[in-house]
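I opened a new notebook page for this structure. My notes below follow the order in which I looked things up.

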There are 2 protein chains.
Amino acid sequence: MAGDTRDRMIEATVDALRRRGVAGMSFTEVLRESGAARGAIYHHFPGGKGQLVAEAAARNGQDVRATLAALPAADPVGFVASFLALIRPVVECSATGSGCAVAAVTIASGEPAENASLREVAATAFTAWADTLTERLTVSGLTPDDAAGLATTLLALLEGAQVLCRAAGSAEPFDRMADTALDLARSRYS
Amino acid sequence: MAGDTRDRMIEATVDALRRRGVAGMSFTEVLRESGAARGAIYHHFPGGKGQLVAEAAARNGQDVRATLAALPAADPVGFVASFLALIRPVVECSATGSGCAVAAVTIASGEPAENASLREVAATAFTAWADTLTERLTVSGLTPDDAAGLATTLLALLEGAQVLCRAAGSAEPFDRMADTALDLARSRYS
DNA sequence: CCTGCGCTAGGATGGCCGTACTAGTCAAGC
DNA sequence: GCTTGACTAGTACGGCCATCCTAGCGCAGG
């Protein structure tokens, strides 16, 4: 199959980004994980590491966006609860060293031009996530302004919780934060 | 002066960690920034890169903790406002590619043993920050449980906002999130 | 059966990095 | 003023990495 090797390489890159970040990720690792040959890199990704990383981040961004879009509309508090339940498994992974692939590509690691292009990929992904959450929150009954603010807040909590839980080696920071977030949402939106 | 070179090296390392992360940071860069000689590394830091990075992260952790401890006690809402005002300049730096040095060392980049030791440094720093915020929030009138939950939430927002703002290249995500956070705090704690 | 062609396969290369080592500097103390 | 020891300076080395290159394989169409 044509796109098979390419797909496996992208998936392996997403994984490597989550665990090691851009600078810490190595082709050797991606090739081992994906079972691809060294020569496959520059066949499928003539742009080299930059292109591979950018495509991996973009794909991860789209996958997450799709997951967020599938969240059920409810009242705002119920939606926040659904969101927190959805991301808990993701945050749990970060307790064992994983992280957010999109966040990883925001860290400068190469030439300025490449950094800028990767940052743009990340910005696009985050904006898409925020827009999706905003839409769902609007459907759930919030004003567009409130929805946009809460969407950004939820994303910040998601990214921050991953950092705290990776450091702690447990999901406990997430659970504490999730309780507080729900408590706050209840006081404000019901 | 004895500790002068050493200090400059640590400061340069904190800077490099913020911009590049552990794997992306190079000794060459630290030496250039600090004006130290190559031989100085293993004189001051016999443990090599791991020791230098660990000390830099620990120092940054203590510095931030001291800043947090200096926040004025007030009512909870006022304290949240003070916290947000305090971290806004930090988040602004992340819009230009900087980040959190403590968060940076949570990303695995070397041998498992070294990773674990760095993660522990980060966990210690984050716990110290959370404890400090919890204490201040308790003084501001919250129950210990509420204070602990809100402290973790504020830290997650801080770390998450840095990620979002670094991707966006602006402090706009922070501002949106800060408004919402204050709004939520007002509804719950006043 | 042959001939391109998409793709795989794996090694070669040049560069950068962390590490290590040796020589040199400077100041204090006897 | 000479020794001693802390520190600086610069260089050498071994390893890993991204990159590149040249064969080789399998399968179209003729």
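I began with a term: a salt bridge is a side-chain nitrogen of Lys or Arg within 4 Å of a carboxyl oxygen of Asp or Glu. I noted that this is a predicted model, where local features need pLDDT of at least 70, side-chain atom pairs count only at pLDDT 80 or more, and totals for chains, interfaces and linings use all residues. Residues are numbered from 1 along each chain as its sequence is written, chains are lettered from A and ligands numbered from 1 in the order in which they are written, and side-chain values use heavy atoms, with hydrogens and water left out.

**Salt bridges**

I searched the whole structure and got 25 salt bridges over all chains. A network of them links A:Asp15, A:Arg19, A:Arg20 and A:Glu29.

I then looked up single pairs. A:Arg136 and A:Glu135 form a salt bridge at 3.1 Å, N to O. For accessibility I used these classes: buried is under 20% relative accessible area, exposed is over 50%, and partly exposed is in between (1.4 Å probe, protein chains only). A:Arg136 is buried at 16%, and A:Glu135 is partly exposed at 40%.

In chain B, B:Glu135 pairs with B:Arg136 at 3.1 Å, N to O. B:Arg32 and B:Glu33 meet at 3.6 Å, N to O. Here B:Arg32 is exposed at 58%, while B:Glu33 is partly exposed at 48%.

**DNA strand D**

Which residues are closest to DNA strand D? I found A:Phe27, A:Arg38, A:Tyr42, B:Thr5 and B:His44, among 16 residues that surround the strand. A residue counts as near if one of its heavy atoms lies within 4 Å of the strand. I sorted the residues of this surface into five nonpolar, eight polar and three charged. H3(A) gives the most, with three residues.

Of the strand's atoms within 4 Å of the protein, 60% belong to sugar or phosphate and the rest to bases.

I checked individual atoms next. A side-chain N or O atom of B:Thr5 is 2.3 Å from a phosphate oxygen of DNA strand D. B:His44 has a polar side-chain atom 2.9 Å from a phosphate oxygen of the strand. At B:Gly39, a polar backbone atom is 3.3 Å from a base oxygen.

**Helix H9 of chain B**

My last entry is on helix H9 of chain B, residues 172–189. Its buried residues include B:Phe174, B:Met177, B:Leu184 and B:Tyr189. What covers the buried residues of H9(B) includes helix H8 and helix H9 of chain A, together with helix H5 and helix H8 of chain B.

Notes:
Helix = DSSP H or I, 4+ residues; strand = E, 2+ residues; numbered from the N terminus. Expected span 1.5 Å × (residues − 1). Contact = heavy atoms within 4.5 Å. Polar contact = N/O pair within 3.5 Å; in protein donor to acceptor, adjacent residues only side chain to side chain. Nonpolar A, V, L, I, M, F, W, Y, C, P; charged D, E, K, R; others polar.
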